[in-house]
Amino acid sequence: MSRTRTPTARTRLVRRLVPAVLIAAALLLVTFSIRAQAEVVTAQDTAADTTSAIQQVAQRATQPVRDLIGWFGDVRSAQTERDSLLAENATLRAELSRAEVGQQDADELRGLLNYIKSPAFPETDAYMPRAARVVARSPSLTSSTVVVDAGENAGVQVGDPVLAGVSATADIGGAALIGKISRITSGTATVALLSNADVAVGATVAGRRGADGILQPSAADPSVLVLGFVRGSSIVQPGDRVVTSGFLDPTGRLASAYPRGLPIGVVSEARQSDANTYKSVLVVPWVDLGSFANVVILTGGGTS
Amino acid sequence: MSAAELHEFDEFEDDLFEDEETGETPRAARTSPVGALVLGLALIIAVYLEIALAIDARVLGAVPDLAAIVIVAIAVRFGASWGAIAGFVAGLLLDVAVQTPLGASALVLTPVGWIAGVWAERRRRVSLGMAIAMLMVATLAIIVGDVIVTIAIEGQDVAWGTFAARALAGLAFTVLLGILLLPLLRRVAGVPERDRA
């Protein structure tokens, strides 16, 4: 037997008021947050520090699932290697335990740090490498930031360069630049990736005299970066390596936030129309900016 | 999937034409405290799982929108007001965790939760098929709303070709996962009394 109840005026009012109040609250929060109102930002930072432990648990708990999904992605991009690795990977992943996951992370970070301290890495004496784990990333399709588990307490500062491990299929080993620290709390830091419109890096094509420019994200393809303002007369070929230029003005007062020579990516195409004085060089980053779990932050560089 | 759920699928097409907008508030759902608690916990878990999966487990650039699935489940089960509240809470959790401007995600998820609830309240009954159709619309609305907010607040350029491909992937993953999870959530939280009529 069906019974229905006609809504009272009060019920109707509540039903309309609830979303209106919530949307208004969201708008107010956004406004205060963008204008960096101290109370809102502090509250969010405090909450972020408090919840970072939950995020770390979630990150670790989902590691096997993420590994599984990552495995499918690898299979898609490297089908030629699939047959020989498939059985081995499946077996290994089935045996993956929590301890092994921790060991894997530690090994990856140790490898990154060893590489950064090795002679093969550019001179970064002024910097102290600090390993960190990615604990959150927006599920948004346009996401270009990640949150890592090292913040002010670990000596991280806004503007510090951030690197991540390069996949084994790349033709360089070790690590490459992925972005810079854009915001810090006591226990976490937000990394603005190279695909973020707020990030611009002074970069140069290694071994090509005068091929310096500003590296920014491409508006057409988030997986590609554009090295702009490269002198038109310079010679740039696909396959050339792009690294940070680490500029320093003659007075020494203005220096790049990035040390010279950090690997970034490889040139895929160089464009120049007759009307343009400058070349536009398309660069594919060595690190897949959409998928990495560990990073190294170069702290203490005294960025300007 | 149980025989009852399959039967609901069969009724989906009929529901699309036969369900009438009654204009009445359905009888208040018989509130099960355990069910409500489970859905609340599911919302929190969904948000943090989604964030964790987004770290390095994106497929075709997208992850399933787990929060949308739970918000739709709550909106269907408890109505528009609770749908809006679920959207607001999920949005705040997301913004705190990924340190985007506080309220930005809530601005998108709150109206989606509310509209899903209003839509459900106006139906004599909401079959599983209809809930999944609603999830599809809600996910699309979240994707579109999210990109609008991103452009408005962060001033990010959007590569539309890539975005469209990722949006399709995200929609497909969410709907596929919704087909698995919505029946579970409905079973746990119980069916609204209006659906028992």
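## The barrel in chain A

Let's start with a closed barrel of 6 strands in chain A, which goes round in the order β1-β2-β5-β4-β3-β12 with antiparallel pairing. On average, neighbouring strands of this sheet are turned by 45° against each other, direction ignored. For such angles, axes are lines fitted to C-alpha atoms (for helices over the stretch in contact), and angles run from 0 to 180 degrees between N-to-C directions. Strands (E, at least two residues) and helices (H or I, at least four) are DSSP runs, numbered from the N terminus. Two strands pair if DSSP finds at least two bridges between them.

Keep in mind that this is a predicted model: local features need pLDDT of at least 70, side-chain atom pairs count only at pLDDT 80 or more, and totals for chains, interfaces and linings use all residues. Residues are numbered from 1 along each chain as its sequence is written, chains are lettered from A and ligands numbered from 1 in the order in which they are written, and side-chain values use heavy atoms, with hydrogens and water left out.

## Strands side by side

Inside the barrel's strand list, β1 (residues 128-137) of chain A pairs with β2 (residues 145-148) of chain A in the antiparallel sense, over 3 bridges. Ala136(A) stands opposite Val147(A) in β2(A).

Now look at β6 (residues 201-205) and β7 (residues 212-217) of chain A, which run antiparallel and are joined by 4 bridges. Thr204(A) has Asp212(A) in β7(A) as its bridge partner. The two strands form a hairpin with 6 residues between them, and Gly207(A) in the turn has a positive phi of about 80°. β7(A) also pairs with β8(A), again in the antiparallel sense over 4 bridges. There, Pro217(A) has Leu225(A) in β8(A) as its bridge partner.

## Chain A in numbers

Chain A has 5 helices and 12 strands. Of its 304 residues, 43% are buried, meaning under 20% relative accessible area (exposed is over 50%, partly exposed in between; 1.4 Å probe, protein chains only). Contact means heavy atoms within 4.5 Å. Among the contacts in chain A with a separation of 6 or more, 60% are between residues 24 or more positions apart.

## Rings that meet

How many aromatic pairs does the structure hold over all chains? There are 2. Rings of Phe, Tyr and Trp (its six-membered ring) pair if their centres lie within 6.5 Å; planes under 30 degrees apart count as stacked, over 60 as edge-to-face and the rest as tilted. Phe229(A) and Tyr278(A) make an edge-to-face pair, 5.7 Å centre to centre with 80° between the planes. Phe229(A) is in β8 (residues 225-231) and Tyr278(A) in β11 (residues 278-285) of chain A, so the pair ties together parts that are 49 residues apart in sequence. Phe229(A) is exposed at 55% relative accessible area, while Tyr278(A) is partly exposed at 44%.

Over in chain B, Trp160(B) and Phe163(B) are edge-to-face too, with 5.6 Å between centres and 85° between the planes. Both sit in helix α7 (residues 160-189) of chain B, 3 residues apart, about one turn of the helix. Phe163(B) is buried, at 11% relative accessibility.

## Leu49 in chain B

Leu49(B) belongs to helix α2 (residues 33-56) of chain B. Is Leu49(B) buried or partly exposed? Its relative accessible area is 32%, so Leu49(B) is partly exposed. Leaving out residues up to four places away in sequence, Leu49(B) touches Thr62(A) and Leu66(B).
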